[in-house]
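Got the viewer open? Load the model, keep the selection box handy, and follow along stop by stop.

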Amino acid sequence: MSLILFAFVVRFRDGLPLSASTDFLHNKELQERKQQLKVISKSLSSLPERGTVKGHELNIHFLSSEGVSYMTVCACSLPAASAFCFLEDLRWEFTACFDNSAVALASRPYPFLEFDSAIQKLQQHYNQKGGPSLEVTLAEVWEDLRTSPPQVLTMEDVALTNGAANGHVEQTALIHKGCQSQRLEPVSAPGILSLILNIMCAALNLIRGVHLIEYTFQDDYDGLWNVVAFLLAFLCCVCQVNCITILYKKLKSFTLLTIIILCNAFLFGLRNIWQLAFHMSMACLSTLLTLHRKLLDRNMDCGV
């Protein structure tokens, strides 16, 4: 089984493809890695000189030097030292054939397609021998990687770097966040009615609470807990209005319902039985509608 499956040479400054090995395999992951090589080639100016992007069965290794980047797709079983040794040999072969001016003047993709034969020859040597012919070279690469290991990246890191280089990080993050967000179904007619009645209950609690504050100061704070009950019921009603319009957990909805019921039970005497029944029934209705409101069952058109 081949350990080095594909090699790719690009211009560093803009990712222009200069040459590549011929691919005769139809491995699905290999095709995915080849697409990822194109993404990486557009972000090289923001990436380290040496790096590795690990995959399930195939890894990507890249090396940048003197305005050219050398990339390869290898099997995970191939040691990193052998992969970077291959890239170093590929760099020496390429610089021996083409100078910096030829690379800089290239205006179309794959201007050095004839270099494919040299890539194939080098690739075949590594796949048959398992590494370079000189052990000294491999030992030097091992030592170099030990002192200065290549940075291990993910494609998310590359995409984020690519976005930063093009000034689109904020837009990309917002689009991604929007794609991942959960949306609720539109508020139904009973839900709208519940919103209106909840707002009315909140207003009644606030008015009664503020009105009682005057008498509390006059009666040496005897009615202080009644004021607290009215204002707490007001806050819970406002929170219940918010519960209907956003995705809340069950625990929060039941907590608000419990507090409203306890506050109204405490105010028995200041309110008659019909008023208490009205406030408690509105709280129960809001909780019921909140718990039964489902997520919107549709796919968002992300990035279109």
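Select Glu 66 to begin. This is a predicted model, and in it Glu 66 has a relative accessibility of 54%, so it counts as exposed, the cut-off being over 50%. Now zoom out a little: Glu 66 sits in the loop that joins β4 (58–65) to β5 (68–75). Check the backbone while you are there, since phi of Glu 66 is near 55°, a positive value in a residue other than glycine.

Where else can you find a positive phi of about 55° in a residue that is not a glycine? Go to Tyr 110, which has one. Its place is the loop between α3 (100–105) and α4 (116–129). With a relative accessibility of 31%, Tyr 110 is partly exposed.

**Into helix α3**

Now pick Val 103, which lies in helix α3. Is Val 103 buried or exposed? Val 103 is buried, because its relative accessible area is 5%. Show the residues around it, and, leaving out those up to four places away in sequence, you should get Arg 11, Leu 18, Gly 67, Val 68, Phe 94 and Phe 112 as the ones Val 103 touches. Draw a distance from Val 103 to Leu 18: C-alpha to C-alpha it reads 8.0 Å, with their positions 85 residues apart in sequence.

**Along helix α9**

Jump to helix α9 (residues 224–245) and select Phe 230. Phe 230 is buried, as its relative accessibility is 0%. What is Phe 230 in contact with, leaving aside neighbours within four places in sequence? Asn 205, Arg 208, Gly 209, Leu 212, Leu 267, Leu 270 and Arg 271 make up that set. For a distance label, try Phe 230 to Val 210: the two are 20 residues apart in sequence and 8.6 Å apart from C-alpha to C-alpha.

Stay on the helix and move to Ala 233, which also belongs to α9. Ala 233 has a relative accessible area of 1%, so it is buried. Beyond four places in sequence, Ala 233 touches Asn 205 and Cys 263. Asn 205 should be familiar from the Phe 230 stop, where it was one of the contacts. Leu 204 is 29 residues from Ala 233 in sequence, and their C-alpha atoms are 9.8 Å apart.

**A look at the cysteines**

Next, select Cys 236 and show its sulfur. Cys 236 is buried, with 4% relative accessible area. Why is there no bond from Cys 236 to Cys 263? The closest cysteine sulfur, in Cys 263, is 6.0 Å away from the sulfur of Cys 236, which is too far for a bond; a disulfide would need the sulfurs within 2.5 Å. The structure as a whole holds zero disulfides. For another cysteine, click on Cys 97: at 47% relative accessibility, Cys 97 is partly exposed.

**Two helices side by side**

Select helix α10 (residues 250–266) together with helix α11 (residues 273–292). Their axes come within 10 Å and cross at roughly 180°, and α10 and α11 are therefore roughly antiparallel. To see the contact itself, show side chains on α10 for Lys 250, Ser 253, Phe 254, Leu 257, Ile 260, Ile 261, Asn 264 and Ala 265. On α11, the partners are Leu 276, His 279, Met 280, Ala 283, Cys 284, Thr 287, Thr 290 and Leu 291.

**Colour by confidence**

Switch the colouring to pLDDT. The mean over the protein is 78, and 79% of the residues reach 70 or more. Which element has the lowest mean pLDDT, and which the highest? Helix α7 (residues 169–180) is lowest, at 43, and β5 is highest, at 91. Across residues 168–181 the pLDDT is below 50, and beyond near neighbours in sequence this stretch has nine contacts in the model. Residues 298–304 also stay under 50, with seven contacts beyond four places in sequence. Where pLDDT is low, don't read the predicted coordinates in detail.

**Zoom all the way out**

Finally, show the whole protein, with its 11 helices and six strands. Buried residues account for 39% of the 304 residues. Turn on the surface, and about 17,900 Å² is exposed, 61% of it supplied by carbon and sulfur atoms. Of the contacts with a separation of 6 or more, 69% link residues 24 or more positions apart.

Terms used:
Residues numbered from 1 in each chain as written. Predicted model: local features only at pLDDT ≥ 70, side-chain atom pairs only at ≥ 80, totals over all residues. Heavy atoms only, no water. Helix = DSSP H or I, 4+ residues; strand = E, 2+ residues; numbered from the N terminus. Buried < 20%, exposed > 50% of the residue type's maximum accessible area, 1.4 Å probe, protein only. Contact = heavy atoms within 4.5 Å. Areas by Shrake-Rupley, 256 points an atom, 1.4 Å probe, with all protein chains shown as cover. pLDDT = per-residue confidence, 0-100. Axes fitted to C-alpha atoms, helices over the stretch in contact; angles between N-to-C directions. Parallel < 35°, antiparallel > 145°, perpendicular 65-115°, else oblique.
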